[in-house]
Number of protein chains: 2
Amino acid sequence: MTRIKEASTIQENKKLVFQECPITYVMERIGGYWKPIVLFNLLSGAKRYGEIRRAMPQITEKVLIQQLKQLEADGLLLREAKPVIPPHVVYRLSESGKALQPVLYAMAVWAVAESEQNSPLARKDLSQFPAIE
Amino acid sequence: MTRIKEASTIQENKKLVFQECPITYVMERIGGYWKPIVLFNLLSGAKRYGEIRRAMPQITEKVLIQQLKQLEADGLLLREAKPVIPPHVVYRLSESGKALQPVLYAMAVWAVAESEQNSPLARKDLSQFPAIE
DNA sequence: GGGGTAACCTACTTTCGGGTAAGTACTTGT
DNA sequence: ACAAGTACTTACCCGAAAGTAGGTTACCCC
């Protein structure tokens, strides 16, 4: 008699757990590789699309747009487009996005401490970590 | 004359940017959906494999093991296995892992504030957020 | 000697994110 | 008349991640 695995209710469980684990909530909103990096780039102030792209040469245009759209739909940043030619689009953090500053700062502190341990050459400092506004 | 897109050097760029953006460093080590959640569950202390699994019914066994292995290989947690039958395996945060406590705490603070805004019903408090040890 | 238990492992399949490359609309500059 | 700039969009493809389902070991208990 082969028993059946109890893993089939995972999709149900997911919904319940959102109410339990705060980190799960965070991952649903800013999870993934790129979103925190985009948010970090906007911490220092509103930027045009092209500025963001040049600040992140690692990401492809397609994925950048996609991440920006998702972050906008998720209420983490605001898109302001002036109807001119050539287009002029500015992205800025929403209030929810600004509220992530402590999270990103804590990440940066950890990153600096860790990379110092691993390779003392790559020493950095946080003196000019973006504040808000 | 069709010009060639300048996106072909993305793999090269990625390496360079690690030295520039601290958030990128963080994403390389704890990026992805599950890793922060696993780390959060270990913040309150060492746990057996089965405890972690029961604490995270959303994740499949396969993926949980995989994430634990990756976190171990990445030096974020330590695995201690007692050679008994049935097996007895304990996972605990390494020093690097413990150093993530402020990051996870900042995330939890944000999550609580945000979920209060969105649905005042889901009110939570952080009074028993895991300290370390 | 059959069932329970703990911490896995393996094979298979589907899904999804991401990479590459190119095109578009409209204007300004030469 | 052509290139350049701006903010995208589209199509195609690929590999990695994740889900599903089963198996394994070796002991203990009844």
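To compare copies of a chain, they are superposed by least squares on the C-alpha atoms of residues with pLDDT of at least 70 in both. Keep that in mind as we walk through this structure, which is a predicted model.

Let's start with how the chains sit relative to one another. Two copies of a chain are related by a rotation about an axis and a shift along it. Here, a turn of 180 degrees and a shift of 0.0 Å along the axis lay chain B on chain A, with an RMSD of 0.1 Å. That is what a two-fold axis does. If you want to find the axis from chain B, look for B:Gly32: of that chain's residues it comes closest to the rotation axis, its C-alpha lying at 2.5 Å.

So which surfaces do the copies use to meet? Of the interface residues of chain B, 100% are also interface residues in chain A, so the copies meet through the same surface.

Now for the inside. The largest nonpolar core has 70 residues, and the members that touch the most others are A:Met107 and B:Met107. It's worth zooming in on B:Met107. Setting aside its neighbours within four places in sequence, B:Met107 is in contact with A:Ile23, A:Val26, A:Met27, A:Val103 and A:Met107. In other words, B:Met107 touches residues of chain A, its counterpart A:Met107 among them.

Next, take a look at the strands of chain A. Strand 2, residues 77-82, and strand 3, residues 88-93, run antiparallel and are joined by six bridges. Between these strands of chain A there is a hairpin of five residues. To get your bearings on the pairing, find A:Lys82, which stands opposite A:His88 in strand 3 of chain A.

Strand 3 of chain A has another partner as well: strand 1 of chain A, residues 47-48, pairs with it in the antiparallel sense over two bridges. In this pairing, A:Lys47 stands opposite A:Tyr91 of strand 3. How much of strand 3 of chain A is buried? Five of its six residues are, which leaves the strand mostly covered.

Strands 2 and 3 of chain A are also linked through their side chains. A:Glu80 and A:Arg92 meet in a salt bridge, with N to O at 2.7 Å. This pair links distant parts of the chain, since A:Glu80 belongs to strand 2 of chain A and A:Arg92 to strand 3 of chain A, twelve residues apart. Are these two residues buried or exposed? Somewhere in between: A:Glu80 is partly exposed, at a relative accessible area of 35%, and A:Arg92 also counts as partly exposed, at 33%.

Chain B has a salt bridge between B:Arg92 and B:Glu80, whose closest N and O atoms are 2.7 Å apart. Here too the pair links distant parts of the chain, with B:Arg92 in strand 3 of chain B and B:Glu80 in strand 2 of chain B, twelve residues apart. B:Arg92 is partly exposed at 33%, and B:Glu80 is partly exposed at 36%.

Finally, there's a salt bridge within a helix. The side chains of A:Glu95 and A:Lys98 meet at 3.5 Å, N to O. Both residues lie in helix 6 of chain A, residues 95-98, and because they are three residues apart, about one helical turn separates them. A:Glu95 counts as exposed, with 61% relative accessibility. Over all chains, the count comes to six salt bridges.

Key: Residues are numbered from 1 along each chain as its sequence is written. Chains are lettered from A and ligands numbered from 1 in the order in which they are written. This is a predicted model: local features need pLDDT of at least 70, side-chain atom pairs count only at pLDDT 80 or more; totals for chains, interfaces and linings use all residues. Side-chain values use heavy atoms; hydrogens and water are left out. Contact means heavy atoms within 4.5 Å. Two strands pair if DSSP finds at least two bridges between them. Helices (H or I, at least four residues) and strands (E, at least two) are DSSP runs, numbered from the N terminus. A salt bridge is a side-chain nitrogen of Lys or Arg within 4 Å of a carboxyl oxygen of Asp or Glu. Buried means under 20% relative accessible area, exposed over 50%, partly exposed in between (1.4 Å probe, protein chains only). A nonpolar core is a set of buried Ala, Val, Leu, Ile, Met, Phe, Trp, Tyr and Cys residues joined through side-chain atoms within 4.5 Å.
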